[in-house]
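Me: I'm new to this structure and would like a close look at one part of it. Could you walk me through it slowly, please?

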Amino acid sequence: MMNTTRKAMALRQERFEALLSSHSGIVFKVAQTYCRQPDDRQDLIQEIKVQLWRAFASYDEKRAFSTWMYRIALNTAISWTRRISLRRRHSVDLAEVGERAFFPEPTEELQTLYRLIDELDPMNRAVLLLYLEDLSHAEIGEILGITANHVATKISRLKQRLRQEIAEPNTPWN
Amino acid sequence: MELDQLKTTWKSSFDSPEDGSRSVPLGRTNAGRLTRIPIFELIVGALTALVCGNFLFDNLAASRQLPLYAIPAIAIQALAIVTIALSVRQIVAISALDFAGPIVEAQRKLAEFKRLRVRASQFVMLVALPVWVIFPLVAGQLLWGFEFVGKVDTAWMIANFAFGLLVSAGIVVAARRYGEQSPFFQKVNDLLAGTEIVEAENAIAQIEQFERP
């Protein structure tokens with residue numbers, strides 16, 4: 001009985017590690033979107049993996065692993081961002097430190113993209129990340145829990161925002 | 001430059017991801033963090049309600065004759081019941097949270113849970129601490145009998161009430177002085193200043209705004 005349980009557990013872990021390995025880019029990209037300070041990012045990556053493992057028991061194999069993974073990774077990252085920003089309100093500006101620490105010489109395009117990401121609230125960051133990942137509006141909507149039309153509106157606003165960012169860098173956006 | 005063009009830039013920046021670890025890190029986790037305090041409060045509240053309820057039941061006849069003497073135990077019983085209700089609400093809220101579910105819904109539930117958590121902490125800080133005097137009164141009644149309240153002189157009552165106020169004031173002063181260095185005092189500071197409730201409200205407002213087409 002004990003052996004069967006252990007074997008099932010080992011198999012589950014093996015299956016999880018294989019899936020995680022083939023989709024590890026998702027974890028990294030989500031972490032990169034919400035935090036660019038290397039140490040903090042590693043903590044976030046770790047936390048995302050723990051949450052994924054904990055939730056893996058209830059993962060329905062009939063559904064796409066990437067959708068399930070995006071949801072957990074984004075939910076973890078958004079919660080982590082809110083928690084960290086409250087904890088560090090009195091000390092340092094996380095986005096500012098992160099940007100300098102991780103990109104010694106970013107290209108102009110990448111600089112613009114990260115400026116745009118830094119200006120967005122956590123929910124809109126999720127939209128942008130999923131859009132950059134080439135997901136369809138319907139897929140983005142499924143992950144976020146909004147309609148595809150609503151996603152289209154959000155993306156159109158993000159495009160408008162990017163144009164403004166290029167025209168007038170660092171201008172606060174309403 | 002358009003957003004579509006940036007897709008290529010974005011993807012090429014991940015050509016060599018730094019994420020080296022492939023093993024599942026089971027050792028470190030913050031996952032149980034949210035439920036720990038509500039469960040602790042539920043246990044403390046339930047034990048207090050049990051002890052106080054038992055005490056009041058045992059002294060039902062005496063309470064009818066000397067109702068004033070029963071007030072401290074009734075007050076603690078009320079505090080314990082409120083604590084139980086708040087912690088149960090938090091546990092229910094957190095158990096409804098599904099990180100594998102749609103992000104908007106999960107984040108709204110999480111923000112609502114946090115608002116509830118802050119309110120529960122404020123209740124403890126702003127109500128339970130200043131009325132500290134009733135705790136030693138009931139402790140005395142449990143140890144030396146129902147009549148203990150009648151034997152307590154005014155100086156004892158004033159001293160204990162002052163102690164409660166002093167501890168509360170001490171926490172406030174320490175929180176202001178050491179808020180930058182200690183996470184505990186920073187949390188107390190945020191609770192007193194209402195910063196945490198504002199953060200929770202802002203998160204809810206942000207999600208509501210995001211949901212609007």
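Which residues in H10(B) are buried?

Reply: Happy to help! This is a predicted model, in which local features need pLDDT of at least 70, side-chain atom pairs count only at pLDDT 80 or more, and totals for chains, interfaces and linings use all residues. Residues are numbered from 1 along each chain as its sequence is written, chains are lettered from A and ligands numbered from 1 in the order in which they are written, and side-chain values use heavy atoms, leaving out hydrogens and water.

Now to the helix. Helices here are DSSP runs (H or I, at least four residues), numbered from the N terminus. H10(B) covers residues 195–211 of chain B. At 1.5 Å a residue, its 17 residues should span 24 Å (the expected span is 1.5 Å times one less than the number of residues), and its end C-alpha atoms are 24 Å apart, which agrees.

The buried residues of H10(B) are B:Glu196, B:Ile197, B:Ala200, B:Ala203, B:Ile204, B:Ile207 and B:Phe210. Buried means under 20% relative accessible area, with a 1.4 Å probe and protein chains only. Seen down the axis of H10(B), these residues fall within an arc of 155°, so they line one face of the helix; the arc is that of the directions from the helix axis to the C-beta atoms. An α-helix has 3.6 residues a turn, so residues three or four places apart point the same way.

For the wider setting, 69 residues of chain A are in contact (heavy atoms within 4.5 Å) with 51 residues of chain B. The count of salt bridges between chain A and chain B is 2, a salt bridge being a side-chain nitrogen of Lys or Arg within 4 Å of a carboxyl oxygen of Asp or Glu. A:Asp134 forms a salt bridge with B:Lys11, where the closest N and O atoms are 2.9 Å apart.

Key:
Helix = DSSP H or I, 4+ residues; strand = E, 2+ residues; numbered from the N terminus. Buried < 20%, exposed > 50% of the residue type's maximum accessible area, 1.4 Å probe, protein only.
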